[in-house]
Amino acid sequence: MRAAQFHNHICPGVNSGYLIIKYLDKHLPLLAGQSYKIIACPSWCKDDAFQVILDATVGKGAYMSKH
């Protein structure tokens, strides 16, 4: 719900971001001290879910977007 609030509505893009994150949690879980690095190309609604749920932001060096 926080991702939808951040994105300002619920849409298929935010939902796909959520599903990608659930896949990562199941198949590529993080160990202590690890973090995901997100490269979005092109940027899309799913990226708002990455920023909110994974706490992966540009300022923290964990997110990059290219057009």
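These are my notebook entries on a predicted model of one protein chain.

**Entry 1: ground rules**

I number residues from 1 along each chain as its sequence is written, and my side-chain values use heavy atoms, with hydrogens and water left out. The model is predicted, so I accept local features at pLDDT of at least 70 and side-chain atom pairs at pLDDT 80 or more, while totals for chains, interfaces and linings use all residues.

**Entry 2: the overall layout**

I began with the elements and found 3 helices and 2 strands in the protein chain. Here helices (H or I, at least four residues) and strands (E, at least two) are DSSP runs, numbered from the N terminus. Read from the N terminus, the order is α-α-β-α-β.

Next I looked up the dimensions. The C-alpha atoms fill a box of roughly 35 × 25 × 20 Å along the principal axes. The radius of gyration is 12 Å, which agrees with the value near 11 Å for a compact globule of 67 residues. That radius is taken over C-alpha atoms, and the globule rule is 2.2 Å times the number of residues to the power 0.38.

**Entry 3: surface, contacts and charge**

I noted an accessible surface of about 4800 Å² for the protein chain, 62% of it belonging to carbon and sulfur atoms. These areas come from the Shrake-Rupley method with a 1.4 Å probe, and for residues only the protein chains shown count as cover.

Of the 67 residues, 34% count as buried. My cut-offs are under 20% relative accessible area for buried, over 50% for exposed, and partly exposed in between (1.4 Å probe, protein chains only).

I also checked contacts, meaning heavy atoms within 4.5 Å. Among those between residues at least 6 apart in sequence, 63% join residues at least 24 apart.

For charge, I found 7 positive and 4 negative side chains, with the centres of the two sets 4 Å apart. Lys and Arg count as positive and Asp and Glu as negative, leaving out His and the chain ends. Each charge is placed at NZ of Lys, CZ of Arg, CG of Asp or CD of Glu.

**Entry 4: the core**

Which residues have the most contacts inside the largest nonpolar core? I found Ala3, Ile38, Ala56 and Tyr63, in a core of 14 residues. Helix 2 (12-27), strand 1 (38-40) and helix 3 (46-53) each give two or more residues to this core. A nonpolar core here is a set of buried Ala, Val, Leu, Ile, Met, Phe, Trp, Tyr and Cys residues joined through side-chain atoms within 4.5 Å.

I followed Tyr63 a little further. Leaving aside neighbours within four places in sequence, Tyr63 is in contact with several residues, including Ile38, Ala40, Asp47, Gln51 and Ala56.

**Entry 5: helix 3 and its surroundings**

Is helix 3 mostly covered or mostly open? I found it mostly covered, with 7 of its 8 residues buried. Among them are Lys46, Asp47, Asp48 and Phe50. The buried residues of helix 3 pack against helix 1 (2-7), helix 2, strand 1 and strand 2 (63-65).

Then I looked at helix 1 from the other side. His7 has its place in helix 1 and counts as buried at 14% relative accessibility. Not counting residues up to four places away in sequence, His7 touches Val14, Cys45 and Asp48.

Ala4 also lies in helix 1 and is buried, with a relative accessible area of 11%. With the same neighbours left out, up to four places away in sequence, Ala4 touches His9, Ile10 and Val14. Ala4 and Asp48 are 44 residues apart in sequence, yet 8.2 Å apart in space, C-alpha to C-alpha.

**Entry 6: backbone details in the loops**

Where is the cis peptide bond? I found it from Cys41 to Pro42, with omega near -5 degrees. Pro42 is in the loop between strand 1 and helix 3.

I then listed positive phi values in residues other than glycine. Asn8 has phi near 85 degrees. Asn8 lies in the loop between helix 1 and helix 2 and is exposed at 66% relative accessible area. Asp55, just after helix 3, has a positive phi of about 55 degrees. Asp55 is in the loop between helix 3 and strand 2 and is partly exposed at 42%.

**Entry 7: the chain start**

Last, I looked up Met1, found in the segment before helix 1. Met1 counts as exposed at 75% relative accessibility. Met1 and Ile53 are 52 residues apart in sequence and 9.8 Å apart in space, C-alpha to C-alpha.
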